[in-house]
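Here are a few short exercises to work through with the model open beside you. Try each task before reading its solution.

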Amino acid sequence: MKTKLTASLLLALAFSVGALSQNIATTRDAAINIEPDPPKIPRVDNSDVKRKRAYPMQPPTIPHKIDNYQVDLNANKCMSCHSRRQTPDSQAPMVSVTHYMDRDGNFLADISSRRYFCNQCHVVQLDVKPQLNNEFVDIDELLRSARD
Ligand code: HEC
Ligand code: HEC
């Protein structure tokens with residue numbers, strides 16, 4: 001038993017040394033065997049100002065707080081403002097037509113189950129600096145540079 005334990009410990013050690021020796025691309029900013037202080041939880045940007053999308057077909061980020069918005073079997077708080085029916089009252093942007101489509105491209109009367117859990121794709125905007133620079137060039141910019 002004891003030798004088995006020592007052997008597995010040695011194995012685990014060999015693995016971690018192996019991982020250390022590789023220069024793994026990471027935004028972790030610390031060696032794998034060091035536990036850095038976690039960054040502060042950033043403030044949610046509740047400004048209602050929409051951000052530019054960073055790549056085509058990106059689910060837009062959420063420009064408002066979503067604390068305590070219930071999304072479960074019984075209720076979908078998001079749809080109480082964003083559904084086709086509610087937008088005249090809420091003045092929120094309507095979910096796009098893709099949210100009403102099933103996987104065969106049929107249009108449904110209500111939100112598709114594939115789009116029910118909004119936070120699978122949409123995230124709130126945070127007051128943070130991006131960790132990596134985005135080098136994406138959109139098509140308008142590409143065409144403009146081709147013309148010059
Ligand atoms: C009380 C009404 C209300 C509720 C509830 C609500 N929203 Fe919104 N949402 C808005 C309004 C109004 C806007 C337009 C921008 C603004 O005023 O913040 C918006 C903007 C957005 C946008 C940006 C759309 C774009 O084109 O850029 C997304 C994404 C979004 N909401 C997702 C959500 C999600 C996900 C939830 C649930 C967790 C939710 N919203 C709940 C009212 C609401
Ligand atoms: C599987 C991923 C996914 C889920 C789940 C999802 N969305 Fe989206 N959403 C997207 C994508 C991608 C776009 C942008 C392209 C498009 O309109 O399809 C989008 C666009 C939007 C927009 C902007 C529409 C426009 O015309 O600009 C709103 C508002 C929105 N979603 C709200 C919601 C809400 C509310 C829910 C939950 C009921 C939800 N989404 C669930 C992926 C998703």
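A residue counts as near a molecule if its C-beta atom, placed from the backbone, lies within 6 Å of that molecule. Keep in mind that this is a predicted model.

**Exercise 1.** Find which residues come nearest to ligand 2, and sort the shell around ligand 2 by residue class.

*Solution.* Start with the shell, which holds 20 residues around ligand 2. Next, pick out those that come nearest: Pro59, Ser96, Thr98, Cys118 and Cys121. Finally, sort the shell: twelve residues are nonpolar, seven are polar and one is charged.

**Exercise 2.** Work out which residues the UniProt annotation "binding site" covers, and why they gather at one spot.

*Solution.* First, read the record: the unreviewed UniProt entry places this annotation on His64, Cys78, Cys81 and His82. These residues span 19 residues in sequence, yet no two of their C-alpha atoms are more than 12.9 Å apart, so they gather at one spot.

**Exercise 3.** Place histidine 64 and cysteine 81 in the fold, and decide whether each counts as buried, partly exposed or exposed.

*Solution.* Begin with histidine 64, which sits in the loop between helix 1 (2-21) and helix 2 (79-82). Cysteine 81, by contrast, belongs to helix 2.

Now apply the cut-offs: 20 or more C-beta neighbours within 10 Å means buried, 12 or fewer means exposed. Histidine 64 has 15 such neighbours inside 10 Å and is therefore partly exposed. Cysteine 81 has 17, so it is partly exposed too.

Last, look at contacts beyond four places in sequence. Histidine 64 meets Asn46 and Asp48, while cysteine 81 touches Gln86, Ser90 and Ala92.

Note on methods:
Residues are numbered from 1 along each chain as its sequence is written. Chains are lettered from A and ligands numbered from 1 in the order in which they are written. This is a predicted model: local features need pLDDT of at least 70, side-chain atom pairs count only at pLDDT 80 or more; totals for chains, interfaces and linings use all residues. UniProt positions are given in the numbering used here, feature names are shortened, and annotations may be inferred rather than shown by experiment. Helices (H or I, at least four residues) and strands (E, at least two) are DSSP runs, numbered from the N terminus. Two residues are in contact if their C-beta atoms, placed from the backbone, lie within 7 Å. Ala, Val, Leu, Ile, Met, Phe, Trp, Tyr, Cys and Pro count as nonpolar, Asp, Glu, Lys and Arg as charged, and the others, Gly among them, as polar.
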